[in-house]
Amino acid sequence: MILVKDFLINISVSVFILIFGWWISSIVGQWFSKVIKFSPHIDVTVVPILSSLAIWSIRFFTVITVMARFGLETTSIIALLGAAGLAIGLALQGTLQNIAAGIMLLLLRPVRSGEFICLKSGEEGTVSEIGLFLTRMTQNDGTSLTLPNSILWNSTIVNFSRNPVRRVDIPVSINYKSNIDLALETIIDVVKSNPLILVDPAPLVKVVDYKEFSIVINVRVWSDSSNYWDLRWNLYHQIWVALGVAGLEAPIVINSAIN
């Protein structure tokens, strides 16, 4: 009779622990989700993942506690689960690397959706999605590029959209018969008339090199990152037209064949 009574008490306590553990895990998960959403350094995509991790960690220890009440050797069970987890981890090593890289990308956010990036391996494009396993990018020609997160995480990333302003450098070549002062004045007028060029940092138009057939003038200006390509293409066209109106010619390269 005493054994039955103890067994019923254990059952009742175990059920209470399970119910309480499930309830407190849900409360903690909701609280955890609200707290981490206030952090500007954590992407909203990773909030459900972290919340679920917190919930199931509590539930796991709840189940272990219930098993211990019935005299089961929890140490052996934990060791068995650890061995099984290690085996699964080794079998899914590449997948787990991508998951870990995805979580780090979402937490640290070296790239964000909508940013234009270039990797050390040569891939470049606008980031459209960062998932747990894969990162999707849209390349300049409109094609879709999908990369495992581990490749992105382990690569050097050049982010062209993160900073608000970018520098534009345009080399302009003129021949040695041209009037250098006139060329500089013409290009400066073009720069001053372009509304996309920022006043600060100040634009620079300087002679930077003397090549075999040409004098090289470098045009260095700054613009908002969103206007970079429009400004670059406009300057190439406007400078060429202005130099032509001023009577300045491009260098003529004569190729001599050696027999």
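This passage walks through the cores, a long-range salt bridge, the hairpins and some backbone oddities of a predicted model.

The obvious place to start is the packing. The largest nonpolar core holds 22 residues, and Ile 187 and Val 219 have the most contacts inside it. Four elements each give two or more residues to this core: strand S6, helix H6 (180–193), strand S8 and helix H7 (228–245). H7 puts in the largest share, with 6 residues. Val 219 shows how these pieces come together. Setting aside neighbours within four places in sequence, Val 219 is in contact with Val 168, Asp 169, Ile 170, Val 172, Ile 187, Val 191, Leu 204, Val 205 and Ile 239. Apart from this core sits another one, of 11 residues, with Leu 106, Val 127, Met 137 and Leu 152 among them. Nonpolar side chains do tend to be buried together in soluble globular proteins.

H7 deserves a closer look. The helix runs for 18 residues and spans 26 Å from its first C-alpha to its last, close to the 26 Å expected at 1.5 Å a residue. Tyr 228, Leu 231, Arg 232, Leu 235, Ile 239, Ala 242 and Leu 243 are the buried residues in H7. They end up on the same side of the helix because they cover an arc of only 110 degrees around the axis. Over on the other side of H7, Trp 233, His 237, Trp 240 and Val 245 are exposed. The cover over the buried residues of H7 includes S6, H6 and S8. Just past the end of H7, Gly 247 takes a positive phi of about 85 degrees.

Next come the charged pairs. The count comes to 6 salt bridges. Asp 169 turns up in a pair with Arg 220, where N and O come to 2.8 Å. That pair ties together distant parts of the chain, with Arg 220 in strand S8 (residues 215–224) and Asp 169 in strand S6 (residues 165–174), 51 residues apart. Asp 169 also forms a salt bridge with Arg 167, and here the closest N and O atoms are 2.6 Å apart. How accessible are the two arginines, Arg 167 and Arg 220? Arg 167 has a relative accessible area of 37% and so counts as partly exposed; Arg 220, at 31%, is partly exposed too. Another pair joins Asp 209 to Lys 211, with 3.3 Å between the closest N and O atoms. Asp 209 is partly exposed at 31% relative accessibility, and Lys 211 is partly exposed with a relative accessible area of 44%. Elsewhere, Arg 112, Glu 115 and Arg 162 are linked in a network of salt bridges.

The hairpins involve strands S1, S2 and S3. S1 (residues 116–119) pairs with S2 (residues 124–130) in the antiparallel sense, over 3 bridges, and Cys 118 stands opposite Glu 124 in S2. These two strands make a hairpin with 4 residues between them, and Gly 122 in the turn has a positive phi of about 110 degrees. S2 then carries on into a second partnership: 4 bridges join S2 to S3 (residues 134–138), again antiparallel. This time the hairpin connection runs through 3 residues. Val 127 faces Met 137 in S3 across the pairing, and Val 127 and Met 137 are both among the residues of the 11-residue core.

That leaves a couple of backbone features worth flagging. Most residues other than glycine have a negative phi, and most peptide bonds are trans. Arg 109, which is not a glycine, has a positive phi near 50 degrees. Arg 109 lies in the loop between helix H4 (93–108) and S1. Is Arg 109 buried or exposed? With a relative accessible area of 16%, Arg 109 falls under the 20% cut-off and therefore counts as buried. The other feature is a cis peptide bond, from Asp 200 to Pro 201, with omega near 5 degrees. Pro 201 is found in the loop between H6 and strand S7 (204–210).

Note on methods:
Residues numbered from 1 in each chain as written. Predicted model: local features only at pLDDT ≥ 70, side-chain atom pairs only at ≥ 80, totals over all residues. Heavy atoms only, no water. Salt bridge = Lys/Arg side-chain N within 4 Å of Asp/Glu carboxyl O. Buried < 20%, exposed > 50% of the residue type's maximum accessible area, 1.4 Å probe, protein only. Pairing = 2+ DSSP bridges. Core = buried A, V, L, I, M, F, W, Y, C linked by side-chain atoms within 4.5 Å. Contact = heavy atoms within 4.5 Å. Expected span 1.5 Å × (residues − 1). Arc of directions from axis to C-beta.
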